[in-house]
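Here are some quick notes to go with the model, jotted down as I scrolled through it. Have it open alongside and follow the points in order.

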Amino acid sequence: MSVEVGGIVVHQEHLDASDQAELVEQVRRVVRAAPLYRPETRTGRKLSVRMTSAGTFGWISDRSGYRYDREHPDGMAWPPMPPLALDVWRSVANVPRDPQSCLINFYDANAKMGMHQDRDEADFEMPVVSISLGDDARFRVGGPERGGKTESLWLKSGDVAVMGGAARMNFHGIDKIRAGSSSLLPNGGRINLTLRVVD
Ligand code: SIN
Ligand code: FE2
């Protein structure tokens, strides 16, 4: 079933339990080759989420700001994109291009993501596709200006959000994680995969 939050379409339970488990395995493969790390912001604050990436480009934040890079901060190329994530993109993105980047965010029980726009990509006609695995997360969505009215929706494991069209530049963030709401990850927490065309 699809619902909408602030213009963003959420395909609820797009992935069934066995696909979710398989995608977690594919994510583990990425993390073994390109370990999760806690990025810093330009001002030296650590993000509460841990990150890595797969695909041609990874999204990086450090003392010089935000950007896409072909290498992990430790110097290796990013591992290949998880095949099931690519399948998800092809089934919902509705554009002729494949994604070049799969950002992997890991949220523990206390992690959150402040309100932001995704604007480091060259072509805003290309959507952003985001896959949720593990614990529920309250997703908050505003409009294209910071500080406007917002709406929220709890994202659950297997849900796929598509930020496209007029909602592509809407501010969004994760308020909080509902610890223990899913048994997909043995040690709890949430994984978010964000797929994007970069250049
Ligand atoms: C993000 O927009 O950066 C992450 C969204 C999510 O974790 O669902
Ligand atoms: Fe985002």
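Which strands each supply at least two residues of the lining of the largest pocket?

1. Bear in mind that this is a predicted model. As for the strands, they are E5 (65-69), E6, E7 (113-116), E8, E12 (172-178) and E13, each of which gives the lining of the largest pocket at least two residues.

2. On to that pocket itself. The space in the largest pocket comes to about 690 Å³, and 36 residues line it. If you want to centre a view, go for Trp-59, Met-113, Gly-114, His-116 and Asp-118, which lie nearest the centre of the largest pocket. Its lining is a mix by class: 15 nonpolar residues, 11 polar and 10 charged.

3. Some of those strands also pair with each other. E7 and E12 run antiparallel and are joined by two bridges, with His-116 opposite His-172 of E12. His-116 is thus worth a click, being among the residues nearest the centre of the largest pocket. E12 is also joined to strand E9 (residues 136-141), again antiparallel, by six bridges; there Phe-139 stands opposite Ile-174 of E12.

4. Now the open sheet. Seven strands make it up, in the order E1-E2-E11-E8-E13-E6-E3, and the pairing is antiparallel. Strand E1 (2-5) and strand E3 (50-55) are the edges, each pairing on one side only. From one strand to the next, the twist averages 20°.

5. At the E3 edge, the partner is strand E6 (residues 101-107), paired with E3 in the antiparallel sense over six bridges. To find the register, look at Ser-53, whose bridge partner in E6 is Leu-103.

6. A helix packs on this sheet: H2 (residues 83-92) touches strand E2 (8-11), strand E8 (128-134), strand E11 (160-163) and strand E13 (190-196). The direction of H2 makes about 130° with that of E8.

7. Last, the second largest pocket, with about 250 Å³ of space. Thirteen residues line the second largest pocket, and Arg-28, Leu-36, Phe-106, Leu-185 and Ile-191 lie nearest its centre. Helix H1 (17-33) and E6 each supply at least two residues of this lining, and H1 gives the most, with four. By class, the lining of the second largest pocket splits into nine nonpolar, two polar and two charged residues. E6 is a strand to keep in view for both pockets, as it also supplies at least two residues of the lining of the largest one.

Technical notes. Residues are numbered from 1 along each chain as its sequence is written. Chains are lettered from A and ligands numbered from 1 in the order in which they are written. This is a predicted model: local features need pLDDT of at least 70, side-chain atom pairs count only at pLDDT 80 or more; totals for chains, interfaces and linings use all residues. Side-chain values use heavy atoms; hydrogens and water are left out. Two strands pair if DSSP finds at least two bridges between them. Axes are lines fitted to C-alpha atoms, for helices over the stretch in contact, and angles run from 0 to 180 degrees between N-to-C directions. Contact means heavy atoms within 4.5 Å. On a 1 Å grid over the protein atoms alone, a cavity is a set of points where a 1.4 Å probe fits but cannot get out, and a pocket is an open set with protein on both sides within 12 Å along at least five of seven lines; lining residues have an atom within 4 Å of a point. Grid points are joined across faces, edges and corners, and a volume is the space filled by probe spheres set on the points. Ala, Val, Leu, Ile, Met, Phe, Trp, Tyr, Cys and Pro count as nonpolar, Asp, Glu, Lys and Arg as charged, and the others, Gly among them, as polar.
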